[in-house]
Number of protein chains: 2
Amino acid sequence: MRLSSPGLNHQSQEGEKKCLNSELWHACAGPLVSLPSVGTRVVYFPQGHSEQVAASTNKEVDSHIPNYPNLPPQLICQLHNVTMHADVETDEVYAQMTLQPLSQQEQKEVYLLPSELGTANKQPTNYFCKTLTASDTSTHGGFSVPRRAAEKVFPPLDYSQQPPCQELIARDLHDNEWKFRHIFRGQPKRHLLTTGWSVFVSAKRLVAGDSVLFIWNEKNQLFLGIRRASRPQTVMPSSVLSSDSMHIGLLAAAAHAAATNSRFTIFYNPRASPSEFVIPLGKYVKAVYHTRVSVGMRFRMLFETEESSVRRYMGTITGIGDLDPVRWPNSHWRSVKVGWDESTAGEKQPRVSLWEIEPLTTFPMYPSPFPLRLKRPWPTGLPTFPGMLLR
Amino acid sequence: MRLSSPGLNHQSQEGEKKCLNSELWHACAGPLVSLPSVGTRVVYFPQGHSEQVAASTNKEVDSHIPNYPNLPPQLICQLHNVTMHADVETDEVYAQMTLQPLSQQEQKEVYLLPSELGTANKQPTNYFCKTLTASDTSTHGGFSVPRRAAEKVFPPLDYSQQPPCQELIARDLHDNEWKFRHIFRGQPKRHLLTTGWSVFVSAKRLVAGDSVLFIWNEKNQLFLGIRRASRPQTVMPSSVLSSDSMHIGLLAAAAHAAATNSRFTIFYNPRASPSEFVIPLGKYVKAVYHTRVSVGMRFRMLFETEESSVRRYMGTITGIGDLDPVRWPNSHWRSVKVGWDESTAGEKQPRVSLWEIEPLTTFPMYPSPFPLRLKRPWPTGLPTFPGMLLR
DNA sequence: GTGTCGGCCGTCTGCCGACAA
DNA sequence: TTGTCGGCAGACGGCCGACAC
């Protein structure tokens, strides 16, 4: 007889752990990820959402997925709720957002109201992130802590002891406690995590190439998180619903919400998604309407480095136009074709969105003379590329 | 060094391993699961599909999911394709089916054609299934093989040797080889799997309560599969798409296919789904139109036992009517309210579908006098419960 | 007939400094 | 400064029959 096994309290996978540590979530998500603030207005891109599903199921959007002609390529929404989550199995971070498309009337008034540029991302100050080496993940030994990292984020050791050591207790995203013996020994001296480390490695199923990060906050609390090496294959178990149905579901949910001005829920998985697809309205408006771009123009764009910091890559705009003229005409999603300066950047996306880049102008930046009030109601109508608007 | 187990070919989760062992798949799916044959006509129930998603995501269908008024509660479809699959991570078995709703005209002619009752389920003959004990999964020892099982499904040992032993090689659903030392020893003598067993247990992450099964087929090949104890927590990582969107997706995909008579794809996960939701047309027609049921009538229904065999439970029909009169009026899905004889059956579903039960008639079963040709076009129209039809 | 245990041996885990990159 | 290794001691994996249910 197939019965559900008792004991485990499963019901509350989500909904209970609402208040997980925000600093830790952001640290795991990476330096480039920022979440829009509750109560603000955002622009939601079904295309970007679709890309997230495609990346996760490792399957392209099939051509026989129905069109949703009444679903615009971007939806201005009120952001009612944002909660941070972490997958119980994999520790993947993701955010749940509740969006409500503005009414037609409200959409027109959008430019009369101040619009938010989005909060800056708050990466913790006292933290470090290390990519695990073969030795770190081997059963032969412990974890070698980079010296500066240990001195910055671990409680100070009593160096008069020989060897100096202490017990560290760190909490992960699920509020589980992990205990480590932190010791400063060897010749030359180095910081190591010994007892407790291997338990952590096997529990989290870490392998060489994955990253671990520690945070030391103002309340003298220690947190730790993980970032898995992007195994090309984080294929989500689709043993229950076909990827086609998932794509359709996302589109239908958005279309229904748009038609009825009702709320809908989306999940944003920053490390699975190629790009953010919920953009603060102000950031969008500024990039699309108040920035002059044209073919041949040079630009900079931020990327995350291996060591979880950011660096800029340079490139040149090679074209402007629809990514998918059939399904998503007149969309600003990845409307900019680009070429990258460095040959090592060969794997970078050949198309970006306007709000992702920072155009380099030879002439000084000036406050936009363009009136905030548009003459034509928006977002209905013809293609509205910046070049046309700034005529 | 602790490395991710080599050899796993991740890239080809689906698509490649089309021809996985059918016997093994059915053994893992259980004795009650049967798949309709390719080329036949089936009845697809969006409600049942929805229940599968609800069970997997552990979330009820939200009330704000849009209605699909043009999506009937059952869809007669041509079954174009059925492939058996197994989840790479968990070994969960599931089937992918390609369905094509019949045209309106074809739907009317359904009863003029012979309809298939569905193939009987083919459980392998030489197989056994054992629920793992604490000792079986402990690191302290190996696997204790039930005597009859060993004699039935393992190659015979040479009992003149002391102790008799041999090397067994078995293949799993992914065609991976597993080697075990099979020995007959101890006082009293018993069959054991020793060397190789613990590797298997840890690789498959088996725990006490899970089941393992072995098959010995006609070609003298040995296969093995697993069935996890239904941790209600096979919650699929929904870090990418909300369960609402999944529900909508399934409905929208079916609605679109119904409207355009085009093909759509569904996944059927027999151990995650509360009930089958793709039913052979003949089985459906027989149950719904050629069987007389009424309140107070007694019936039998098959269930799977702990030991992977089947037994009948008895019950009484307590009511007949819509499960969800608002969303799914006039549906035959779980239209029968029942009470179960045994108090231990308290967790059994209070509602079943007609094709799941075997009504007990005090009067002899007679060939249905009901004409095969319906007067009223079907499936449009008013509720068509058997009682009304047999007036 | 089979689940669990004590006993016993061998392998591997895991802590140490050496050494080199 | 830190990744990997050889050395070593102790823990645990894993094979055995005893024993009980």
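Here's a quick briefing on how the helices pack and how the protein meets its two DNA strands. Keep in mind that this is a predicted model. Across the chains, H7(A) and H7(B) pack at about 105 degrees, while inside chain B, H2(B) and H7(B) cross at roughly 160 degrees. On the DNA side, 23 residues surround strand C, and 23 surround strand D.

**H7 against H7, between chains A and B**

- Helix H7 of chain A (residues 243–260) sits against H7(B) with the two axes 7 Å apart, at that angle of about 105 degrees.
- An angle from 65 to 115 degrees counts as roughly perpendicular, so H7(A) and H7(B) are roughly perpendicular to each other.
- From H7(A), the contact takes in A:Ser245, A:Ile248, A:Gly249, A:Leu250, A:Ala252 and A:Ala253. From H7(B), it takes in B:Ser245, B:Ile248, B:Gly249, B:Leu250, B:Ala252 and B:Ala253.
- Sorted by class, the residues in the contact of H7(A) with H7(B) are eight nonpolar, four polar and no charged.

**H2 against H7, within chain B**

- Helix H2 (residues 46–57) and helix H7 (residues 243–260), both of chain B, have axes that come within 10 Å, crossing at roughly 160 degrees.
- That angle makes H2(B) roughly antiparallel to H7(B), because the cut-off for that label is over 145 degrees.
- As for handedness, the crossing of H2(B) and H7(B) is right-handed.
- H2(B) brings B:Pro46, B:His49, B:Ser50, B:Val53, B:Ala54 and B:Thr57 to the contact. H7(B) answers with B:Ser243, B:Met246, B:His247, B:Leu250 and B:Leu251.
- The class split for the contact of H2(B) with H7(B) is six nonpolar, five polar and no charged residues.
- B:Leu250 turns up in the contact with H2(B) and also in the one with H7(A).

**Around DNA strand C**

- The closest residues to strand C are A:Arg185, B:Lys130, B:Ser135, B:Arg147 and B:Arg190.
- Looking at the atoms of strand C within 4 Å of the protein, 54% are sugar or phosphate and the rest belong to bases.
- Two phosphate contacts come from chain B: a polar side-chain atom of B:Lys130 is 2.7 Å from a phosphate oxygen of strand C, and a side-chain N or O atom of B:Ser135 is 2.7 Å from a phosphate oxygen of strand C.
- On the base side, a polar backbone atom of A:His140 lies 2.9 Å from a base nitrogen of strand C.
- Strand E7 (177–185) of chain A and helix H4 (134–137) of chain B are the elements giving two or more residues to the surface near strand C. E7(A) gives the most, with three residues.
- By class, that surface near strand C has five nonpolar, eleven polar and seven charged residues.

**Around DNA strand D**

- Here the closest residues are A:Lys130, A:Ser135, A:Arg147, A:Arg190 and B:Arg185.
- Of the strand D atoms within 4 Å of the protein, 51% belong to sugar or phosphate, with bases making up the rest.
- Bases of strand D get arginine contacts: a side-chain N or O atom of A:Arg190 is 2.7 Å from a base oxygen, and a polar side-chain atom of B:Arg190 is 3.4 Å from a base nitrogen.
- A phosphate oxygen of strand D sits 2.9 Å from a polar side-chain atom of B:Thr195.
- Helix H4 (134–137) of chain A and strand E7 (177–185) of chain B are the elements that supply two or more residues to the surface near strand D. The largest share, three residues, comes from E7(B).
- The surface near strand D splits into five nonpolar, eleven polar and seven charged residues.

How values were computed. Residues numbered from 1 in each chain as written. Chains lettered and ligands numbered in written order. Predicted model: local features only at pLDDT ≥ 70, side-chain atom pairs only at ≥ 80, totals over all residues. Heavy atoms only, no water. Axes fitted to C-alpha atoms, helices over the stretch in contact; angles between N-to-C directions. Helix = DSSP H or I, 4+ residues; strand = E, 2+ residues; numbered from the N terminus. Parallel < 35°, antiparallel > 145°, perpendicular 65-115°, else oblique. Left-handed = near helix turned anticlockwise from the far one by under 90°. Contact = heavy atoms within 4.5 Å. Nonpolar A, V, L, I, M, F, W, Y, C, P; charged D, E, K, R; others polar. Near = heavy atom within 4 Å. Polar contact = N/O pair within 3.5 Å; in protein donor to acceptor, adjacent residues only side chain to side chain.
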